[in-house]
Number of protein chains: 4
Amino acid sequence: MSNSFGNVFKITTFGESHGPAIGVVIDGCPPGLRVNPEDIAKELARRRPGQSRITTQRRERDAVEILSGMHEGKTLGSPIALLIRNEDTKSGDYNNLKNTFRPSHADFTYEAKYGRRDPRGGGRASARETVSRVAAGVFAKKLLAQEKIEILAYVRQIYHVIADILPETVTSSQVESNIVRCPDTSAAKKMIETIEDMSLLGDSVGGIIECIIRNVPAGLGSPVFDKLEARLAQAMLSIPATRGFEVGEGFNAALFTGNEHNDAFVATKGKIRTKTNHSGGIQGGISNGMPILFRVAFKPTATILKEQDTVDSKGKKMKLQVVGRHDPCVLPRAVPIVEAMAALVLADEWLRQKTLL
Amino acid sequence: MSNSFGNVFKITTFGESHGPAIGVVIDGCPPGLRVNPEDIAKELARRRPGQSRITTQRRERDAVEILSGMHEGKTLGSPIALLIRNEDTKSGDYNNLKNTFRPSHADFTYEAKYGRRDPRGGGRASARETVSRVAAGVFAKKLLAQEKIEILAYVRQIYHVIADILPETVTSSQVESNIVRCPDTSAAKKMIETIEDMSLLGDSVGGIIECIIRNVPAGLGSPVFDKLEARLAQAMLSIPATRGFEVGEGFNAALFTGNEHNDAFVATKGKIRTKTNHSGGIQGGISNGMPILFRVAFKPTATILKEQDTVDSKGKKMKLQVVGRHDPCVLPRAVPIVEAMAALVLADEWLRQKTLL
Amino acid sequence: MSNSFGNVFKITTFGESHGPAIGVVIDGCPPGLRVNPEDIAKELARRRPGQSRITTQRRERDAVEILSGMHEGKTLGSPIALLIRNEDTKSGDYNNLKNTFRPSHADFTYEAKYGRRDPRGGGRASARETVSRVAAGVFAKKLLAQEKIEILAYVRQIYHVIADILPETVTSSQVESNIVRCPDTSAAKKMIETIEDMSLLGDSVGGIIECIIRNVPAGLGSPVFDKLEARLAQAMLSIPATRGFEVGEGFNAALFTGNEHNDAFVATKGKIRTKTNHSGGIQGGISNGMPILFRVAFKPTATILKEQDTVDSKGKKMKLQVVGRHDPCVLPRAVPIVEAMAALVLADEWLRQKTLL
Amino acid sequence: MSNSFGNVFKITTFGESHGPAIGVVIDGCPPGLRVNPEDIAKELARRRPGQSRITTQRRERDAVEILSGMHEGKTLGSPIALLIRNEDTKSGDYNNLKNTFRPSHADFTYEAKYGRRDPRGGGRASARETVSRVAAGVFAKKLLAQEKIEILAYVRQIYHVIADILPETVTSSQVESNIVRCPDTSAAKKMIETIEDMSLLGDSVGGIIECIIRNVPAGLGSPVFDKLEARLAQAMLSIPATRGFEVGEGFNAALFTGNEHNDAFVATKGKIRTKTNHSGGIQGGISNGMPILFRVAFKPTATILKEQDTVDSKGKKMKLQVVGRHDPCVLPRAVPIVEAMAALVLADEWLRQKTLL
């Protein structure tokens with residue numbers, strides 16, 4: 001069941017990186033939602049390898065087939081199964097990895113857990129699995145769009161380059177205006193240079209993605225264990241290569257006093273809101289109607305072209321020289337994944353809230 | 001179901017702060033585990049209000065009654081229900097809060113979600129709910145202790161005071177040697193002063209708790225959505241007043257290159273381990289046998305004695321002057337809560353792993 | 001998690017028969033529902049031992065304490081915990097059963113499953129656990145009553161005595177008019193005699209309970225695995241001593257042809273209904289707006305006063321002579337349990353349906 | 001989530017009868033289990049339409065593609081996705097049903113629930129969905145076979161023809177020796193005649209399937225709500241066209257006294273068993289080591305060729321004349337479905353039991 005996520009709006013993903021296919025089953029999506037194959041294609045294009053010179057050159061069409069759950073262009077209320085065939089898999093690249101544990105990859109831990117693994121392309125641990133999430137996220141986004149809820153993620157930091165961004169005013173077109181998906185154009189330029197430099201060195205970098213969710217009605221989120229920030233945290237930390245999550249002021253909150261951090265309530269035309277938004281739109285695990293703001297930390301890509309020390313499955317020392325096509329930095333392609341996971345959490349809590357009314 | 005946590009080892013908590021009682025039902029705890037009431041009492045004492053001069057002076061005995069699931073001192077395999085009566089509740093202190101939304105509390109959001117709330121002491125949103133978690137955590141810790149798995153949390157930072165700590169060597173007695181639960185004695189002294197100063201000003205502070213888990217066997221954690229760090233993130237962000245979670249290098253990982261961050265595998269006497277532990281003991285969502293290391297950010301306590309601006313339930317502007325007894329800093333008492341939630345995650349994954357063998 | 005039932009409206013029960021207490025936590029009950037302690041007391045009185053000369057003479061007040069989830073007489077939306085202390089437990093009666101397996105009881109199977117058990121009064125396997133279900137069912141019934149949904153169970157058969165009943169017209173007062181809870185007065189008389197005769201012989205009898213649910217809107221029930229009849233079947237077979245479940249024509253359906261069994265649709269004043277109701281109100285797992293009708297088979301009580309052959313925990317042959325107070329027939333007291341379980345299923349599906357709209 | 005079944009060994013099915021495909025995702029199957037495509041093909045052949053003259057003549061190859069979760073012929077521990085394309089779908093046959101509610105089908109109730117439906121071939125409500133269950137059941141059966149647990153179902157009754165069968169000694173080859181899957185050869189002959197006669201009349205019949213499970217170790221099944229019989233009941237009643245479930249003596253238990261019905265314990269060579277098996281191998285919801293025996297009632301097929309009264313979606317009276325290819329009796333093809341669902345329950349409980357040890 002660890003391959004499922006959600007309570008009412010629930011997804012189950014399947015598939016290994018170099019097996020026949022990957023895919024997802026969405027259960028609990030309400031009937032009558034119109035979703036076009038183009039909507040899915042467009043979102044997958046944002047995640048696709050080979051989309052720019054700073055991503056892996058692996059070429060995948062990621063063509064999605066809708067197997068079930070739709071009729072005459074609309075959801076039926078029954079499970080929606082989406083299938084994506086694996087193509088352009090150069091499994092031969094992984095032959096030498098069958099008995100090798102790549103550093104900071106999941107080879108060793110999968111072997112420890114299951115006693116076996118599919119060594120080709122990381123198998124189930126490959127970030128390719130996130131295609132399924134992005135595809136499913138399209139349905140969640142559509143559902144939220146009916147309520148005017150809008151989710152927007154972007155790159156905030158790459159290595160030492162930190163962008164200067166005012167979350168409240170960022171637009172989707174600003175984010176999509178450059179290949180690194182950072183709305184600060186000048187920082188974006190430096191980020192791209194940094195990634196290209198690291199790529200030339202056979203090394204990799206990480207960074208921070210920020211996400212703002214607008215027009216969330218007050219009242220979403222389920223105490224106690226399913227607080228909105230708790231579910232978002234699980235959602236984000238389930239994305240490969242993530243290392244941290246923070247909401248509102250996050251780790252920086254430690255440097256505020258209570259008097260500085262508390263968000264005073266004010267009322268504008270009868271509508272209650274807060275003067276500041278240090279809380280990041282969530283109080284007591286429930287949305288308060290202000291924009292939800294959170295950040296996700298990504299480590300540098302584990303796959304690097306530099307030679308590394310490691311051991312084989314017998315514990316014998318060896319040198320690892322990876323070949324193949326890899327991302328020197330996952331963040332530009334991770335932006336739509338962060339959005340998809342956030343959409344899945346919000347759609348689920350939106351439907352859950354209906355059961356209380 | 002949002003009041004439940006876990007898959008195999010599962011808890012459900014209940015109770016409002018000023019209602020008759022709070023408690024927890026543990027379902028899925030294996031039979032034959034010996035737990036004494038003293039074990040529970042000892043752990044609750046670490047969380048109890050009034051334990052020192054830097055915590056709230058509310059006095060609660062927090063006496064736990066074991067209602068079910070045990071016979072002759074051992075667990076039966078049936079649900080274990082634990083009951084803690086609410087005592088010394090000065091509900092009168094909350095009379096003026098019935099129609100007031102305290103800043104950065106859950107009053108407003110609970111009202112938005114449910115259309116009603118128990119205004120006394122924060123009701124269900126009160127941190128008092130965590131008594132149940134600490135009590136349940138005792139059973140999880142006992143289960144893990146059989147496997148030599150040890151969980152140790154401590155205060156890493158309070159406001160601007162950052163401790164100098166080597167996680168690998170911290171001991172429980174170092175942590176418990178002072179009332180702020182920081183193993184760096186000199187930093188601990190400054191932290192206590194900081195808290196006392198803020199308390200005198202009617203203000204509050206937050207900080208960071210760090211947690212190390214030792215002797216975790218490789219192979220625990222369930223891909224894809226229940227990655228070990230994802231579940232720990234949810235667990236931690238479900239604790240009141242938390243704002244962030246990070247594992248291993250966390251947000252700092254952004255400042256490493258892949259070559260610097262990757263943990264090279266080495267073998268010592270046939271046992272495979274990593275030379276460094278930037279990953280914090282988890283790779284691909286599964287434990288790798290190294291110590292698990294994570295940090296949790298806490299905001300400053302929302303309840304402060306300084307006068308604050310707010311509105312009432314009609315949106316009318318008003319001044320809020322809180323009376324009552326409150327913590328100027330929650331971290332010393334949050335240390336056992338962080339440990340309990342970590343234990344609940346680990347125990348659950350430990351039992352889950354048995355289904356694969 | 002096997003001590004929990006439901007998806008949105010979810011209960012978790014706990015407690016052994018002769019431990020300190022039993023109880024239940026209800027999670028997911030919507031806020032604003034008015035429930036009085038008297039409502040619960042009244043329903044528990046229908047299940048209580050000692051209520052008539054044909055039930056066990058064990059005397060229990062079954063006083064329910066509401067521990068949480070309510071404020072000013074209404075539900076808050078937070079978990080509702082209900083506590084019932086065990087009283088008048090003559091645990092001494094069970095001393096000789098510590099190492100004995102009572103025939104057709106759960107002594108042997110609990111020992112096989114858990115390696116240990118609480119031998120007093122059947123422990124967790126005791127039908128006393130159903131007090132929790134009946135108490136929780138009161139909340140579910142209240143929720144359904146708002147929608148005019150009415151659940152009515154009654155005794156259809158005891159041993160060889162079969163009542164003549166027209167389900168469509170049975171009333172609650174007819175059912176409660178006699179101590180065996182059979183609306184056919186003349187059959188009721190014979191049933192009572194049968195039970196009394198068996199009781200004198202130290203033997204026991206079983207029978208069949210029928211249940212009708214009226215005013216169910218079309219559209220409740222969740223395909224595929226949570227078909228309404230599938231969930232009712234699980235709910236009913238989870239009641240101790242049950243042996244079978246059937247809906248509509250049930251096992252008798254085998255004796256119809258399709259043409260005879262099919263329920264033709266007709267429309268009365270624009271409202272679509274079926275001419276006959278062989279389907280028992282459910283088609284394709286979803287309610288069709290007709291009354292839901294099902295039956296539950298109960299075996300004769302396993303505890304009898306006659307001497308029986310058995311073995312002890314070492315497998316040594318022995319004679320068992322049970323002492324203590326027991327029901328010669330569980331059905332009169334099982335009527336409210338059947339209703340409670342049906343209410344829990346319906347309330348859950350009612351809330352689930354809201355997530356589709 | 002109603003399209004999922006199981007706790008540890010969990011399946012999720014998807015697909016409409018006349019959509020592109022149906023399929024299933026199995027999550028929680030332990031790694032290292034060898035399953036061949038032929039194993040799946042063989043089992044699906046038992047369920048396949050067109051297999052004999054008494055089943056529908058719809059021809060489907062039901063070729064299964066394994067999309068994920070296997071490597072080198074063995075399960076990986078990751079989700080196993082199985083895909084079956086829909087072929088030979090004569091959707092044109094259903095054109096006239098778009099606005100018509102077929103009696104005792106799910107057309108009306110799906111429309112009531114979802115406000116829309118796929119009218120082609122019953123859509124999601126079609127028994128075609130059970131292909132997914134049978135395919136998934138192969139993995140469950142393999143897992144159980146490692147423990148020597150054997151599941152065997154067969155037709156016990158068709159219309160008025162009741163077979164004379166000794167469950168303890170029935171063999172698989174006896175069941176498969178005739179096209180109606182009844183091990184009593186003489187009754188089988190009459191059953192086939194009955195079905196053929198009804199088919200000629202454009203009518204249909206139902207009946208009863210019995211299932212025996214051998215070599216089940218004592219201790220499987222999870223009290224309270226997941227009693228083994230409760231889960232089997234849900235599993236069976238989730239199969240289309242089922243109307244009842246009974247275990248052991250079932251509804252007939254009402255005609256026993258306690259003294260007659262109780263199964264006395266005896267010990268043979270130290271192994272404890274019961275002299276009789278009125279309980280059907282389950283006591284207190286947990287297996288007692290004796291064969292598990294249960295029966296499932298099926299109504300006559302709702303689709304008949306005789307003209308029927310019904311209404312359209314506006315409530316207008318009309319005559320329904322179904323064309324197309326249908327089963328005059330579903331039982332012969334339902335035998336492997338009953339086995340598959342039983343296997344899914346047992347495999348799940350087998351894995352669950354490991355978490356207690």
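**Entry 1: where chains D and C meet**

How many residues does the contact take from chain D and from chain C? I began with this question, keeping in mind that the model is predicted. I found 103 residues from chain D and 103 residues from chain C in the contact.

Next I looked up the area. An interface is often sized by the accessible area lost when the parts come together. Here chain D and chain C bury about 8,000 Å² between them, and 62% of it is on carbon and sulfur atoms. On the chain D side, I noted that D:Lys113, D:Phe225 and D:Arg243 lose the most area to chain C, together 12% of what that side buries.

**Entry 2: polar and charged pairs across D and C**

I then checked the polar contacts, and the count between chain D and chain C came to 41 residue pairs. Sorted by class, the side of chain D that touches chain C has 46 nonpolar, 38 polar and 19 charged residues.

How many salt bridges does the rule find across the interface of chain D and chain C? There are four. I looked up D:Lys275, which forms a salt bridge with C:Asp309, and the closest N and O atoms are 3.9 Å apart.

**Entry 3: strands that pair across D and C**

Strands of a sheet pair through backbone hydrogen bonds, either parallel or antiparallel. I followed strand S11 of chain C, residues 242-247, and found that it pairs with strand S11 of chain D, also residues 242-247. The sense is antiparallel, over three bridges. I wrote down one partnership by name: C:Phe245 has D:Phe245 as its bridge partner in S11(D).

**Entry 4: a sheet in chain B**

In chain B I traced an open sheet of five strands, in the order S1-S2-S3-S7-S4, with antiparallel pairing. Why is one side of S1 and of S4 left without a neighbour in the sheet? Strand S1 (4-5) and strand S4 (64-66) stand at the edges, and each has a single partner strand, so one side of each stays free of a neighbour there.

I looked at S4(B) again and saw that it pairs with strand S7 of chain B, residues 80-85, in the antiparallel sense over three bridges. B:Ile66 stands opposite B:Leu82 in S7(B).

**Entry 5: salt bridges elsewhere**

Side chains of opposite charge can pair when their charged atoms come close. Over all chains, the structure holds 116 salt bridges, and I picked a few to look at.

C:Arg85 forms a salt bridge with B:Glu65, with the closest N and O atoms 2.7 Å apart. C:Arg85 lies in strand S7 of chain C and B:Glu65 in strand S4 of chain B, so the pair joins two chains. C:Arg85 is partly exposed at 29% relative accessibility, and B:Glu65 is partly exposed at 29% as well.

B:Arg352 and B:Asp226 meet in a salt bridge at 2.9 Å, N to O. B:Arg352 is in helix H8 (residues 331-354), while B:Asp226 is in the loop between strand S10 and helix H6, so the pair ties together parts that are 126 residues apart in sequence. Are B:Arg352 and B:Asp226 buried or exposed? Both are buried.

In chain A, I found A:Arg181 and A:Glu176 in a salt bridge at 3.1 Å, N to O. A:Arg181 is buried, with a relative accessible area of 5%, whereas A:Glu176 is partly exposed at 33%. Salt bridges that share partners join these residues into one network with A:Glu43, A:Arg46, A:Lys141 and A:Glu339.

Notes
Residues numbered from 1 in each chain as written. Chains lettered and ligands numbered in written order. Predicted model: local features only at pLDDT ≥ 70, side-chain atom pairs only at ≥ 80, totals over all residues. Heavy atoms only, no water. Contact = heavy atoms within 4.5 Å. Buried area = accessible area lost by both parts, 1.4 Å probe. Salt bridge = Lys/Arg side-chain N within 4 Å of Asp/Glu carboxyl O. Polar contact = N/O pair within 3.5 Å; in protein donor to acceptor, adjacent residues only side chain to side chain. Nonpolar A, V, L, I, M, F, W, Y, C, P; charged D, E, K, R; others polar. Pairing = 2+ DSSP bridges. Helix = DSSP H or I, 4+ residues; strand = E, 2+ residues; numbered from the N terminus. Buried < 20%, exposed > 50% of the residue type's maximum accessible area, 1.4 Å probe, protein only.
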